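Reader: Can you walk me through this one? I'm new to reading models.

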Amino acid sequence: MASPALATDAAAQSALPGIPAAGQLRLRLRPWMPPAWRRAAAGKEIELRIPELVVRRCKKPRRIHPSEWSVRHRRMPAAEAHPGAYRPEFARYAAKVMDTWAQPWVREVWYCAVDQASKTNTMLSCLGWLRTYAPGNVFYQMPDAESSDRIMGRKLIPMFRVTPSLARHLSPRADDTAHKGITFADGMAILPSWSGSLTSTAVFSARYTFSDEVDKMRMIGSEADPIDRIKKRTRTNRFSKHFFASTPAGAWIYKGTMACQQVWAAAARCPHCGALVVMDEEHMDIPEGATEESIKADPGGVGYLCNACGEHWDEAERTWAYHHGDWVCIQGAEHRRPSDVGFLLSAFPLPDVPLAQIARTILRAKAGDLSARRDLAHGIQARDYEEALADRKEDQVLRLRDDRPEGLVPSGPIAAVTAVADMQKRGFWFSVRAWGFGLEQESWLLKAGFVDSWEALRQLFFESEFADVQGGRHVVTLRGIDSGGGESEPWADLSRTAEAYLWAYAHPGVLLFKGLRTMSSPYRMSHQDRIPGTNRPLPGAVPLYLLNTKHYKDRLAAKLLVEPGNPGAWHLHSGYTPDQLALLARDPGARVEHGLHELARQLCVEGRDDKGFWQNPKNRANHLWDASYMELALVDIAQVKLWKPPAAQRPPAAPAKPA
């Protein structure tokens, strides 16, 4: 019943394996065919001529990895740094990233890398690969319209035009290939979008999304962030894929990368021991006493010490280590088929970033240069700067402890005892300090902690007594409270701020504070004659002191740097009660924990950003830090530094620091 059909078109023999050459086709007569067809074809040779273009369109190419496809097929346009054939040696770590993205079980890839680490070209290789092997609509998201036009006009469209295997998919209509998007001959589309436009991602749905430089993107009002917003465009496709890439800037990329089921870090291979090591700042070999100028004069003096064997690498060995490097899994190795995978690529293994340049950045950061600290985190280490925003560490604060028990006033003339509270929704964090005379404003912590009611605060402010070593008695002489305490309980008639005003009115001498980030003076007084949040008048105007928080926090940070034996020190007590000190005196080996851990922690959570303003990036408790800067403001307003000490007494000596 069958009759073979033999090809006679010799020019069509160039067809790809697995598909007959153009013009060849073997037919089998089927019972459902009309009898006249079967009688006419029986015992005869039938020649069919199939156009080569049709054969190629029917051909399903052998599936290869994106890294292999890039080497075989991709061409780089003239605007690229290395035009011509794609060369993997310029992007040593890109292959695993793009091949991981192409795995069928992977739904998201997060690529957190420093500048000029081939992030965009890695995404474009994935895009070219999917056009060949898994076509589907694509959203390519950029931070703004200008960068979107630039990526389409200088990279994406030129790549499709100069790569032959991609160019054949382009539509012949000129309007189908433009900055506004690409529509291919088979209907697949690549649409650009940007985070600042809600309409650029509206209506259209896609199977794939590529979000480039996500940490430069921004929120729009109360809308979802650009990450969640772009994900919504693929809800109708259960096999969607997302690729997020960026240099970190404290927004989404680093957090998203570390939140993945599996995380990989770029590692270099030691030319001495062969170990794969994740390079870091701690193993930089910078000559002792080196300066930026000395490193510029002798960049070869900087090297790297292998994390595994400790051998020194020079630049040539580091380049070898880069070319023989690989990725190492630092999180989630137990997941055989992770749905989301993160990649971290720092500048340490990259030969394009000289070790001398990294060393100069490290030296500037250690010297306190805020811009250098940010550059070290974002541009070298490929992580968020907020991880190291605080200027201090807890042990640096605890070094200010002396040998006094909690509540003991040091010997010598004391100018004032201050008590300041930072109001919260359900209580008050407070600090009580004794202040010496003189411009140095040396002070000693007496007590710090938390009370949960207005009555407890009243007793602290007006009924507390503190003894000194000679048995003298001291009471609180200056008092202040923060006027903002957040929202009240739902059943409360007044806000916490209104309660603070009424309480201050009922207790004359208590100053109300409100912090402002920018002011032209350290503080300014105003009067409030209405109960906040209401139109009801106060019986008498209550003074409110507006404080320049930057000014006083800068002063507090400087105070914490003064060594305990120097004038103007910010002393802490030992952290022990008298009973605990007595126990330690009898048994030096007794296990007794001092009570200043929480104070030290709260004094370390804030740090200055690159503009010099104080930030609390993790939103951690910082109430004792706020109370401390308000103590400085309180003695400033009262001009304690100008008070004259009693003529018969001498300035207090600094207590000895505990061993």
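Author: Here is a short chat on a pocket and two backbone angles. This is a predicted model, where local features need pLDDT of at least 70, side-chain atom pairs count only at pLDDT 80 or more, and totals for chains, interfaces and linings use all residues. Residues are numbered from 1 along each chain as its sequence is written, and side-chain values use heavy atoms, with hydrogens and water left out.

Reader: What volume does the largest pocket have?

Author: About 1400 Å³. A pocket here is an open set of points on a 1 Å grid over the protein atoms alone, where a 1.4 Å probe fits, with protein on both sides within 12 Å along at least five of seven lines. The volume is the space filled by probe spheres set on the points.

Reader: How many residues line the largest pocket, and which lie nearest its centre?

Author: 50 line it, meaning they have an atom within 4 Å of a point. Asp115, Gln116, Ala117, Ser118 and Lys119 lie nearest the centre.

Reader: Which helix gives the largest share of that lining?

Author: α6 (145-162), with five residues. Helices are DSSP runs of H or I, at least four residues, and strands are runs of E, at least two.

Reader: New topic. Which way does phi go at Ala382, positive or negative?

Author: Positive, about 60 degrees, although Ala382 is not a glycine. Most residues other than glycine have a negative phi.

Reader: Where is Ala382?

Author: In the loop between α13 (370-381) and α14 (394-398). Ala382 is buried (under 20% relative accessible area, 1.4 Å probe, protein chains only), at 3%.

Reader: And where does Gln441 lie?

Author: In the loop between β20 (427-435) and β21 (443-451). Gln441 has a positive phi too, about 55 degrees. Gln441 is buried, at 5% relative accessible area.

Technical notes. Buried < 20%, exposed > 50% of the residue type's maximum accessible area, 1.4 Å probe, protein only.
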